[in-house]
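Reader: I should like to go through this model in order, beginning with single residues and then turning to helices, cavities and the ligand. Please explain the reasoning behind each reply.

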Amino acid sequence: MFLELTEEQRLIQDTAREFAKAELDPIAATLDQEGDRPAFLANLRKLAELGFMGLNVKDEYGGAEAGVVAFSVAITEIARACASTAVTLSVSNMVCEVIQAAGSEAQKEAYIPKICSGEFSAGAFALTETGAGSDPSGVATQAVLDGDQWVLNGSKIFITSAPYAGVFVVWAVTDRSVPKGKGISCFLVEGGTPGLVIGKEEHKTGQHASATNELLFEDCRIPKDALMGKLNDGFRIAVGELAGGRIGIGSLGLGVGLAAIDYATQYSTERAQFGQKISNFQAIQWMIADTYTELEAARLLLMNAAFKKEQGKPFAKEASMAKMYATEAANRACYKAVQMLGGYGYTVDFPVERYARDVRITAIYEGTNEIQRTIISREILRSIV
Ligand SMILES: Cc1cc2nc3c(=O)[nH]c(=O)nc-3n(C[C@H](O)[C@H](O)[C@H](O)COP(=O)(O)OP(=O)(O)OC[C@H]3O[C@@H](n4cnc5c(N)ncnc54)[C@H](O)[C@@H]3O)c2cc1C
């Protein structure tokens, strides 16, 4: 067992850290408070140029082919500065990976290079609907074959990057006669296709720079060969890809948690009360000790899941464990960071309140942590019965 990053992984981590410091840190608060979509998209393009849109994608499709561990450490470094950029990156990587895993050769060649190169600002993963959140088998959007075209009707909610995504991976029902989940297929829909309407943007608690929108399909016609994978195999594709995506969200949570506790720890060495630095108080020291320990445990769980995925081994349970633990540890880290700054921590003059808002959703999206617990316990119980 060797727990150090390889030279290539370290280089990717350093590149991400330097980019985050130089390009993201200076504008993250402005993106959060006022918004600046052109600046946000410009940074995504620069990240694409650095190879960060397809970290675990083959070179022949324009990817960096750097593996899952590299993907995880890169997302963590980006999230230390801007969670909105990190989630966009994580979802775009996931979209590249799902096309790489399930797409035809023509689909891979048509879309992956455009995401990896930055020609598309992002890719979108359109699964959730009003009736299909934790239970994706409840998808009701329909796809009906009409000659040599599929016609999509229905709606999606909470779709990350919808206003600027170049391609959408969309799940829709193709067979209503079979039990729920068995008749769902997966499609690739290009941004700007007539009948694909970008609906209202959510006004969220955090991650303000990342757009989260409703999508409407109104007689949206796509070619017959826009079907990705086998007919009625969409549910399996979604479940498989979400497991990988969870490594991204756990890594994102870890980055935000680290940013928060780094800031608060530094602050504790500068702020004085009762005639001494607050870092002299055991209450503060224990918050520092507990938080760094938990985040280190989160990092190791993430590395374990990423390594297993990279090796082609089963990793769904490990990804759920890492996502659940890392995002909860990160939420605790942000809570404690605000506490360590006292009243200042509750103002926008200091970044920890943003971290606390940005981190909250990581325990919810790409499967709530209750669903992660269900997956973990199911795997464990299955192994002993
Ligand atoms: C900012 C943001 C970005 C998102 N991005 C995307 C995206 O790009 N693409 C996409 O497809 N979706 C996206 N989502 C959707 C997200 O994945 C869902 O919100 C999430 O999976 C939960 O679904 P829900 O909101 O319908 O909650 P519900 O499923 O209604 O859950 C409500 C509560 O019930 C609990 N619950 C539900 N079922 C069970 C169960 N069986 N056992 C125990 N507890 C249960 C949940 O854990 C939760 O606490 C995004 C959401 C947000 C807020």
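Reader: In which helix is the place of Gln-107?

Author: The model is a predicted one. The helix that spans residues 105-117 takes in Gln-107. The element asked for is helix H5.

Reader: Is Gln-107 buried or exposed?

Author: A residue counts as buried when its relative accessible area is under 20%. For Gln-107 the relative accessible area is 6%, so the residue is buried.

Reader: What distance separates the C-alpha atoms of Gln-107 and Asp-233?

Author: Along the chain, Gln-107 and Asp-233 are 126 residues apart. In space, their C-alpha atoms are separated by 17 Å.

Reader: Where is Gln-100 found, and which backbone atom does its side chain reach?

Author: Gln-100 is found in helix H4. Its relative accessibility is 16%, so Gln-100 counts as buried. At a distance of 2.8 Å, the side chain of Gln-100 reaches the backbone nitrogen of Lys-58.

Reader: Why is H4 described as largely enclosed by the rest of the structure?

Author: H4 has 20 residues, and its first and last C-alpha atoms are 28 Å apart, close to the 28 Å expected at 1.5 Å a residue. The enclosure follows from burial: H4 is largely enclosed because the number of its 20 residues that are buried is 19.

Reader: How many cavities of 30 Å³ or more does the structure hold, and how much space lies in the largest cavity?

Author: The structure holds two cavities of 30 Å³ or more. The space in the largest cavity is about 60 Å³.

Reader: Which element gives the largest share of the lining of the largest cavity?

Author: The lining includes Ala-28, Leu-31, Cys-82, Gln-207, His-208 and Arg-354. Helix H1 (7-33), helix H4 (83-102) and helix H9 (352-360) are the elements that give two or more residues to this lining. By class, the lining has five nonpolar, three polar and three charged residues. The largest share, three residues, comes from H1.

Reader: Gln-207 is one of those lining residues; what is its phi, and in which loop does it lie?

Author: Most residues other than glycine have a negative phi. Gln-207 is not a glycine, yet its phi is positive, at about 45 degrees. With a relative accessible area of 2%, Gln-207 is buried. Its loop is the one between strand S6 (196-201) and strand S7 (212-223).

Reader: Where is Glu-65 found, and what is its phi?

Author: Glu-65 is found in the loop that joins helix H2 (37-49) to helix H3 (68-81). Glu-65 is a residue other than glycine with a positive phi, and the value is near 50 degrees.

Reader: Which helix supplies the largest share of the lining of the second largest cavity?

Author: This cavity holds about 50 Å³ of space, and among its lining residues are Phe-71, Ser-90, Asn-93, Glu-241 and Lys-309. Two nonpolar, four polar and three charged residues make up the lining. H4 and helix H6 (234-268) each supply at least two residues. The largest share, four residues, comes from H4.

Reader: Which helix gives the largest share of the lining of the second largest pocket?

Author: About 440 Å³ of space lies in this pocket. Of its 17 lining residues, Phe-2, Leu-3, Met-303, Asn-304 and Phe-307 lie nearest the centre. The lining has eight nonpolar, four polar and five charged residues. Seven residues, the largest share, come from helix H7 (residues 282-310).

Reader: Of the residues around the ligand, which come nearest?

Author: There are 18 residues around the ligand. Those that come nearest are Phe-125, Thr-128, Ser-134, Thr-368 and Glu-370.

Reader: Which residue has a side-chain N or O atom 2.7 Å from an oxygen atom of the ligand?

Author: Backbone atoms lie close to ligand nitrogen: a backbone N or O atom of Phe-125 is 2.7 Å from a nitrogen atom of the ligand, and a polar backbone atom of Phe-158 is 2.8 Å from a nitrogen atom of the ligand. For the oxygen atom of the ligand, the N or O atom at 2.7 Å belongs to the side chain of Thr-368.

Notes: Residues are numbered from 1 along each chain as its sequence is written. This is a predicted model: local features need pLDDT of at least 70, side-chain atom pairs count only at pLDDT 80 or more; totals for chains, interfaces and linings use all residues. Side-chain values use heavy atoms; hydrogens and water are left out. On a 1 Å grid over the protein atoms alone, a cavity is a set of points where a 1.4 Å probe fits but cannot get out, and a pocket is an open set with protein on both sides within 12 Å along at least five of seven lines; lining residues have an atom within 4 Å of a point. Grid points are joined across faces, edges and corners, and a volume is the space filled by probe spheres set on the points. Ala, Val, Leu, Ile, Met, Phe, Trp, Tyr, Cys and Pro count as nonpolar, Asp, Glu, Lys and Arg as charged, and the others, Gly among them, as polar. The expected span of a helix is 1.5 Å times one less than its number of residues. Buried means under 20% relative accessible area, exposed over 50%, partly exposed in between (1.4 Å probe, protein chains only). A residue is near a molecule or strand if one of its heavy atoms lies within 4 Å of it. A polar contact is a pair of N or O atoms within 3.5 Å; within protein, one must be able to donate a hydrogen and the other to accept it, and residues adjacent in sequence count only if both atoms are side-chain atoms.
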